[in-house]
Amino acid sequence: MGAETVGAWAYEKLHISQILKNCGFYEPDIDQTKVLILGKRIHPASERETFQWFQHRSALEEVMDIEPKHVSLSSLYRTYDPLVAEKEKRTDRPLVTSAMILDEEGFPKTSKV
């Protein structure tokens with residue numbers, strides 16, 4: 001419950017629900033988006049695995065006051081595309097991505113920036 005509580009605090013502090021409302025998301029969409037955003041941060045996985053985590057191992061429903069009837073696997077899939085379409089585009093800062101491949105002992109084999 002600790003990760004969900006910290007995630008809920010950060011979500012509220014950043015006023016993400018209001019940002020989503022300004023982007024045209026309705027309340028059921030916002031519940032689904034809470035699960036996607038916080039689920040991917042707390043338990044990084046596919047939408048399917050995020051849904052399983054939400055249903056069986058998460059306290060997100062209680063901490064974030066999410067209506068479980070608003071969240072289904074298909075609704076998470078439908079919500080993901082509009083969420084990605086609304087992500088903030090910054091042209092003032094370049095995006096830097098780093099990748100590293102490790103061998104079975106944890107030593108770097110190759111990396112790319």
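This is a short tour of one chain, stop by stop, for use with the viewer open.

**Whole chain**

Start with everything shown. The model is predicted. Display it as a cartoon and follow the chain from its first residue. There are six helices and two strands. In sequence order they run α-α-α-α-α-α-β-β. Now turn the C-alpha trace along its principal axes; the spans are about 45 × 40 × 25 Å.

Switch on the surface. The chain exposes about 8100 Å². Carbon and sulfur atoms supply 54% of that area. How many of the residues are buried? Of the 113 residues, 30% count as buried.

Next, think about contacts. Take those between residues at least 6 apart in sequence: 52% of them join residues at least 24 apart.

**Charges**

Colour the side chains by charge. There are 15 positive and 18 negative ones. The centres of the two sets lie 5 Å apart. Side chains of opposite charge can pair when their charged atoms come close. The count here is three salt bridges. Visit each in turn.

**Stop 1: Asp31 and Lys34**

Select helix α3, residues 27-42. Show the side chains of Asp31 and Lys34. They meet in a salt bridge, 3.9 Å from N to O. Asp31 and Lys34 are three residues apart in this helix, so about one helical turn separates them. Are these two buried or exposed? Lys34 is buried, at 7% relative accessible area. Asp31 is buried as well, at 3%.

**Stop 2: Lys40 and Glu47**

Now select Lys40 and Glu47. Their side chains form a salt bridge, and the closest N and O atoms are 3.5 Å apart. Compare how each is covered. Glu47 is buried, with a relative accessible area of 12%. Lys40 is partly exposed, with 21%. The cut-off explains the two labels: buried means under 20% relative accessible area, so Glu47 at 12% qualifies, whereas Lys40 at 21% does not.

**Stop 3: Thr50**

Move to helix α4, residues 47-56. Select Thr50, which lies in this helix. Hide the surface to see the side chain. Thr50 counts as buried, at 0% relative accessibility. Which residues does Thr50 touch, leaving out those up to four places away in sequence? The list is Val35, Gly39, Lys40, His43 and Ala45. Lys40 is already on screen from the previous stop: the same residue that touches Thr50 also forms the salt bridge with Glu47.

**Stop 4: Glu49 and Arg57**

Select Glu49 and Arg57. Their side chains meet in a salt bridge, 2.9 Å from N to O. Bring the surface back. Glu49 counts as partly exposed, at 30% relative accessibility. Arg57 is also partly exposed, at 48%.

**Stop 5: a negative patch**

Finish on the surface. Select Glu61, Glu62, Asp65 and Glu67. What do these four form? They gather in a patch of negative charge. Pick out Glu62 from the group. Where is Glu62 found? Glu62 is in helix α5, residues 60-64. Glu62 is exposed, with a relative accessible area of 55%. Exposed means over 50%, so Glu62 earns the label.

**Looking back**

Set two of the stops side by side. Thr50 is buried at 0%, whereas Glu62 is exposed at 55%. Then show the three salt bridges together. Asp31 pairs with Lys34, Lys40 with Glu47, and Glu49 with Arg57.

How values were computed. Residues are numbered from 1 along each chain as its sequence is written. This is a predicted model: local features need pLDDT of at least 70, side-chain atom pairs count only at pLDDT 80 or more; totals for chains, interfaces and linings use all residues. Side-chain values use heavy atoms; hydrogens and water are left out. Patches are made of residues with over 30% relative accessible area and no salt bridge: like charges are joined within 9 Å, nonpolar side chains (Val, Leu, Ile, Met, Phe, Trp, Tyr) within 5 Å. Accessible areas come from the Shrake-Rupley method with a 1.4 Å probe; for residues, only the protein chains shown count as cover. A salt bridge is a side-chain nitrogen of Lys or Arg within 4 Å of a carboxyl oxygen of Asp or Glu. Lys and Arg count as positive and Asp and Glu as negative; His and the chain ends are not counted. The place of a charge is taken as NZ of Lys, CZ of Arg, CG of Asp or CD of Glu. Helices (H or I, at least four residues) and strands (E, at least two) are DSSP runs, numbered from the N terminus. Buried means under 20% relative accessible area, exposed over 50%, partly exposed in between (1.4 Å probe, protein chains only). Contact means heavy atoms within 4.5 Å.
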